[in-house]
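Colleague: Please take me through this one and explain the labels as you use them. I'd like to see how each value is set against its cut-off.

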Amino acid sequence: MNRQAQAVVLLLLGGSVLKASVTDVYLRYVREGLRPFLIAAAALLVAAAVMTLWYELRRPADHRHDHDRSEDDDGHGEHGARIGWLLILPAVGLLLIAPPALGSYAVNQAGTALTGDETDHYPPLPPGDPVPLSMLDYAGRAIIDDGYTLGDRRVRIVAFTAPGADGAPILARMVLSCCAADGRPIKVGMAGDVPTGLPPDTWLEVVGRYTTQRGTDPVSDVDIPYVRIESWQRIPPPKQPYE
């Protein structure tokens with residue numbers, strides 16, 4: 001891999017990160033607040049690639065060939081070339097495949113992020129009917145607060161479906177601290193008007209009320225709350241798939 005090839009690989013990698021950063025694709029992998037850092041990193045990669053190409057094209061051809069031969073003769077050329085070409089894989093993945101956000105498969109591989117050992121205190125629900133709540137907020141109020149602040153209020157939750165321990169669908173949403181690598185699921189069981197016949201990873205907007213019913217997470221063996229569904233509708237995947 002000569003310097004020009006290295007520059008092309010850098011340009012492809014930086015361009016793919018920049019493309020993902022200026023669209024909503026990056027939200028599948030990192031938190032929304034990291035966009036400026038991704039754009040800055042991608043811009044540096046693109047700038048380094050352009051400067052390298054400009055420098056290489058300005059040099060006489062015989063100097064470029066001598067430099068490439070000296071890199072190959074030091075015993076590291078072949079190994080460096082193999083490693084360098086691997087940088088193409090994530091770039092091609094972002095440009096052509098764009099892997100989806102974490103979904104039902106990840107939910108079934110990890111225990112719920114809410115263990116029940118937290119000691120948060122929840123304020124009263126804001127006015128509104130139904131009250132929009134995140135999955136984390138609803139699950140925390142139901143488990144930690146024993147539903148005290150939920151009472152008989154109607155709540156609206158946006159989540160995707162995943163198979164539960166008994167095969168029945170549950171609601172789930174992934175919670176990120178930084179990026180998809182540290183994603184953990186929030187799981188909520190469904191009672192009442194439970195939707196049936198939906199494939200996993202179907203996004204729903206559900207309206208329901210708190211119920212004292214609880215289940216057990218088969219992965220972490222901790223309690224998961226339930227919500228009594230009164231109505232539901234399918235929705236497109238939201239722009240921000242994580243909480």
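Modeller: Let's start with T202: setting aside its neighbours within four places in sequence, T202 is in contact with A159, F160, T161 and R234. Contact here means that heavy atoms lie within 4.5 Å. This is a predicted model, in which local features need pLDDT of at least 70 and side-chain atom pairs count only at pLDDT 80 or more, while totals for chains, interfaces and linings use all residues. Residues are numbered from 1 along each chain as its sequence is written, and side-chain values use heavy atoms, with hydrogens and water left out.

Colleague: Why is T202 called buried?

Modeller: Buried means a relative accessible area under 20%, exposed means over 50%, and partly exposed lies in between (1.4 Å probe, protein chains only). T202 has 5%, so the residue counts as buried. T202 is placed in the loop between strand 4 and strand 5. Helices and strands are DSSP runs numbered from the N terminus: H or I over at least four residues for a helix, E over at least two for a strand.

Colleague: F160 was among those contacts. What makes the pair of F160 and W203 edge-to-face?

Modeller: The structure holds one aromatic pair. The ring centres of F160 and W203 are 5.3 Å apart and the planes stand at 70°, so the pair is edge-to-face. The rule takes rings of Phe, Tyr and Trp (its six-membered ring) with centres within 6.5 Å; planes under 30 degrees apart are stacked, over 60 edge-to-face, and the rest tilted. F160 sits in strand 2 and W203 in strand 5, so the pair ties together parts 43 residues apart in sequence. Both rings belong to buried residues: F160 has 2% relative accessibility, and W203 has 10%.

Colleague: How do you know that strand 4 is largely enclosed?

Modeller: Seven of its nine residues are buried, so strand 4 is largely enclosed by the rest of the structure.

Colleague: Which sense do strand 3 and strand 4 pair in, parallel or antiparallel?

Modeller: Antiparallel, over five bridges. Two strands pair if DSSP finds at least two bridges between them, so five is enough. One of the partners across this pairing is I186 of strand 4, which bridges to R173. Strand 4 also runs parallel to strand 6, joined by four bridges, and there A191 has R228 of strand 6 as its bridge partner.

Colleague: Where do the buried residues of helix 7 pack?

Modeller: They pack against strand 2 (154–163), strand 3 (169–175), strand 4 (184–192), strand 5 (203–216) and strand 6 (223–234). Helix 7 spans residues 135–143 and is mostly covered, with eight of its nine residues buried. Among the buried ones are Y138, R141 and I143.

Colleague: What makes D152 and R209 a salt bridge?

Modeller: The definition asks for a side-chain nitrogen of Lys or Arg within 4 Å of a carboxyl oxygen of Asp or Glu. The closest N and O atoms of D152 and R209 are 3.6 Å apart, so the pair qualifies. D152 lies in the loop between helix 7 and strand 2 and R209 in strand 5, so parts 57 residues apart in sequence are tied together. D152 counts as exposed at 53% relative accessibility. The two also belong to a network of salt bridges that links D129, D152, R154, R209 and E230.

Colleague: How many salt bridges does a search of the whole structure find?

Modeller: The search finds 10. Another is E205 with R156, at 3.8 Å between the closest N and O atoms. That pair links distant parts of the chain, E205 in strand 5 and R156 in strand 2, 49 residues apart. E205 has 23% relative accessible area and is partly exposed, as is R156 at 28%.

Colleague: What distance separates the closest N and O atoms of E243 and R173?

Modeller: They are 3.9 Å apart, so they fall within the 4 Å limit. E243 lies in the segment after strand 6 and R173 in strand 3, so the pair ties together parts 70 residues apart in sequence.

Colleague: Is R173 buried or exposed?

Modeller: R173 is buried, with 8% relative accessible area, whereas E243 counts as partly exposed at 25%.
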